[in-house]
Amino acid sequence: MRETSELTKRHNRPTLRRLASGVAALCLATATAALLPVTASAADPAGQTTSGSGYTAQIRRTEYGIPHILAHDYGGLGYGYGYAFAQDNLCQLADRVVTLRGERSRYFGPTALSSDGSGTPNLASDTYYQGLRQAGTVQHLLDQPAPLGPTAQLRQLVDGYAAGYNRYLHATGTAHLPDASCRGKAWVGPITAADIWNVVYDVDGSYGDTGFAQNIATATPPTSAAPRSSAKTVPTLPTDPASGLGSNGWALGRDVTRGHDGMLLANPHLPWVGNDRFYQLQLTIPGVLDVSGAALYDTPVVEIGHTQNLAWTHTTTYAQHASLYRLSLVPGDPTSYLVDGKAVPMTRRTVPVTVQGADGKLSTVTSTLYNSRYGPVVADGWTTTTAYTIRDANADNLRSMSEWLAMDSSQTLAQLKAAQNTYQGIPWTHTIASDSSGTTYFTDSSVVPHLTEDQLKRCSLPTGDDLPGGLDGSTTACDWGSDPDAIVPGIYGPANQPKLTRTDYVANSNNGPYLTNPAAPITGLPGVYNTQTQLATRPQLGLQMIAQRRDGTDGLGAPGFTLPTLQAAMLGDRNYAAELGRDDTVAMCHANPVLTATDGTKVDVRAACDALAAWDTRDDPGSHGAVLWQTFQRGLFRSGPDTWWRVPYDPAQPLTTPRGINGAAPSAQHALADAVQTLAAGKIPLDAAIGSVQRWAGIPLPGCDGSEGCFNVVRASTTSGSKGGTDTSDANYAQGSSFIMATELTPHGPHTRTILTYGESTNPSSPHYSDQTVLFSHKQWVTERFTEAEINADPQLRTTTLHN
């Protein structure tokens, strides 16, 4: 995406507010305790009663099907959560369990692609996950006491979650499941707590071993003395912003908010299909825990959300979370490598996988996985002289959910920091947070390899056509170091992580930490922390939006943020690249009414001029001309180096350069001619609105790709969402703004507006499959119901009581 990100901050506010929050917590405990059944009494008359197995919980659903889970303890809370999630998304979790158990080939055949969207064939996926299970990695981590292993509360939550899912499946029956995608299927069955722990481990390894699953599973030593030039595809780490994973996160402090309190904008950009969706909910144990927000699918905690006095979000950090080491192999033995001059044999693990043949019969395919002292060996680049291996900083991380659960019960930034310092388990995101004192905080507390600048200079090997880079694996001098405050060896500890606390703001849009707040650049970081200084258009726009709202120059009224102006800024659908270059582009085509396309065709661009000149430079669903600009921009980026900017990047002006379009640049002229050709070939009008080509389940969507200048990032096609929320095929795919949350932490409690852009369910027949997509399309929000009074006042309230 050619992008990066930023964050926000605030400070303390006094005794009266703390006393008020304490009284509020006491009132909550008193008010909600009476709602929970302690015997097998009848449920709420407006709801439904279901018997369980040792757990007690209530699921109260408000408008748009949002569940509010209420329980006396963590086991009951997990039970209610697992039951509610199964009501909405059982097929998705059942499918994921088949993947993580390494059983896809048994049910779907070995050559079909895994459903996780990675493009990995089932046999390779099963080999990787079966190998992980054989290694006992997750069980080893579970056997450790907290903080290395999960806390007792989290274990209870996970046990309850699995039991709640199973209770719903048993009560409903596989043959009667509401979602046709898994109804009556042999691969649907009960799950265990171990399945949920495997989900947690898989999430944590997304930017390390998990991202290399196919490469690890298919790694085999060369069988002949092949020259280096015959090496397979160059291995690359999955930590490039071009991967598309992104987000915007703002924390706004008392210096820029009208109420002089804390505010937060959460705007993660993740896929709308598959495992990376969010589920919106509230989790409450009276007097102990009360958190509202969104959880990544199949995980037992809220990862982005707020409590009474604290709100936080995350953005993907492109710091390194794994290292690629190049091994120098022992001559004549491609499965041994040299370290400090001594030969070290690779370890091997034989992995059998059950596969279903075309005739329906089952057989076993056996593969061998290879490991080095650093981690798994990968297929790409393995020749008779070199091989590549991954060391994943999250390979021993099952700490993330303990950390998030501690954050879920935090009320201040100090408590949030203590949770992060204790567990050090955030796998691959920045944290942006604000509390009710009006203080904001940014950190990259993610798990990052301890590699110094000196090591990076000495150990980074040169790249070439036949030898990609990587670190030198032939010497222990290139091993990871460690910090005295790091919870495990090999990573940076809290004292050396980038962080910033302020009372105006912190912001991140997947840029490095440097310009989290331009008034206080974060410098002096090792290169593994993404120290780039040039901002892409999306983070530039985000910082500009904050500055203009602070000054009252954005057309939204008096200076300072309020909840309505924060919402309006988020869904303003500005296209910053267009603001920087639309007029130059119109001038270019007025001066050159016929331009030459890349294929040499002469193209009349006068109608394109008119369409762009009439466009409002927004990406609202009905903004006519946005499709032409999007197509033109994509052509510019494909043209290579950014030579088409009229004013090039200047490190002294990182917020305002580069800018403009150089109309004399051949790349710019070709891109516009190509765009006109492309739309003509697709029979798309030159003044087409973005909502005509970008839809979810037929609903027009706003936004565009972040690299094209949009803050509200959305990527979709006309057929996206037509096959439900579990299908990751290209025709069904969409990505971008997922769970949007705008929160103000007032002295009277949090005021929050949300949009879960694709709804609570992956099932197309559910009323909550795309109901919030309609809101998103019309710039409408859900008013969150956080207090007991707010929940009980909902005329659509439905209650399910689960008890013995």
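In this predicted model, residues 24 or more positions apart account for 71% of the chain's contacts with a separation of 6 or more. The chain runs to 804 residues, and 60% of them count as buried. Its secondary structure comes to 19 helices and 33 strands. As for the outside, the accessible surface adds up to about 28,000 Å², with 54% of that belonging to carbon and sulfur atoms.

Turning to the inside, the largest nonpolar core takes in 203 residues. Within this core, the members that touch the most other members are Y81, L90, W197, W250, F278, L283 and M346. Helix α2, which spans residues 74-100, gives the most to the core, with 15 residues. L90 offers a look at the packing in detail. Setting aside neighbours within four places in sequence, L90 is in contact with F85, Y165, Y168, L169, L177, C182 and V188.

The packing also leaves some gaps. The structure holds 5 cavities of 30 Å³ or more, and the largest cavity encloses about 150 Å³ of space. It is lined by 13 residues, and F278, I304, H314, W428 and T429 are the ones closest to its centre. F278 therefore turns up twice in this account, once among the core members with the most touching partners and once in the lining of the largest cavity. Two elements give two or more residues to this lining, namely β6 (262-271) and β10 (310-316). Of these, β10 gives the most, with 3 residues. Sorted by class, the lining of the largest cavity has 7 nonpolar, 5 polar and 1 charged residues.

The second largest cavity holds about 70 Å³ of space. Its lining is made up of 13 residues, with I66, H68, Q280, E784 and R785 lying nearest the centre. Three strands give two or more residues here: β4 (66-71), β7 (278-285) and β32 (782-783). The largest share, 3 residues, comes from β7. By class, the lining of the second largest cavity has 3 nonpolar, 7 polar and 3 charged residues.

Two loop residues are worth a look on their own. A219 sits in the loop between α8 (213-217) and β5 (246-252). The relative accessibility of A219 is just 1%, so this residue counts as buried. What covers A219 can be looked at through its contacts. Leaving out neighbours within four places in sequence, A219 is in contact with T368, Y370, V377, V378, A379 and W382. One of these partners, W382, is 163 residues away from A219 in sequence, yet the two are 7.9 Å apart in space, C-alpha to C-alpha.

T617 is the other loop residue, found between α15 (606-614) and α16 (626-638). T617 has a relative accessible area of 12%, and because the cut-off for buried is under 20%, T617 is counted as buried too. Again leaving aside neighbours within four places in sequence, the residues in contact with T617 are D573, R574, N575, A578, E579 and R582.

Note on methods
Residues numbered from 1 in each chain as written. Predicted model: local features only at pLDDT ≥ 70, side-chain atom pairs only at ≥ 80, totals over all residues. Heavy atoms only, no water. Core = buried A, V, L, I, M, F, W, Y, C linked by side-chain atoms within 4.5 Å. Buried < 20%, exposed > 50% of the residue type's maximum accessible area, 1.4 Å probe, protein only. Helix = DSSP H or I, 4+ residues; strand = E, 2+ residues; numbered from the N terminus. Contact = heavy atoms within 4.5 Å. 1 Å grid on protein atoms, 1.4 Å probe; cavity = no way out; pocket = protein on both sides within 12 Å on 5 of 7 lines; lining within 4 Å. Points joined across faces, edges and corners; volume = space filled by probe spheres on them. Nonpolar A, V, L, I, M, F, W, Y, C, P; charged D, E, K, R; others polar. Areas by Shrake-Rupley, 256 points an atom, 1.4 Å probe, with all protein chains shown as cover.
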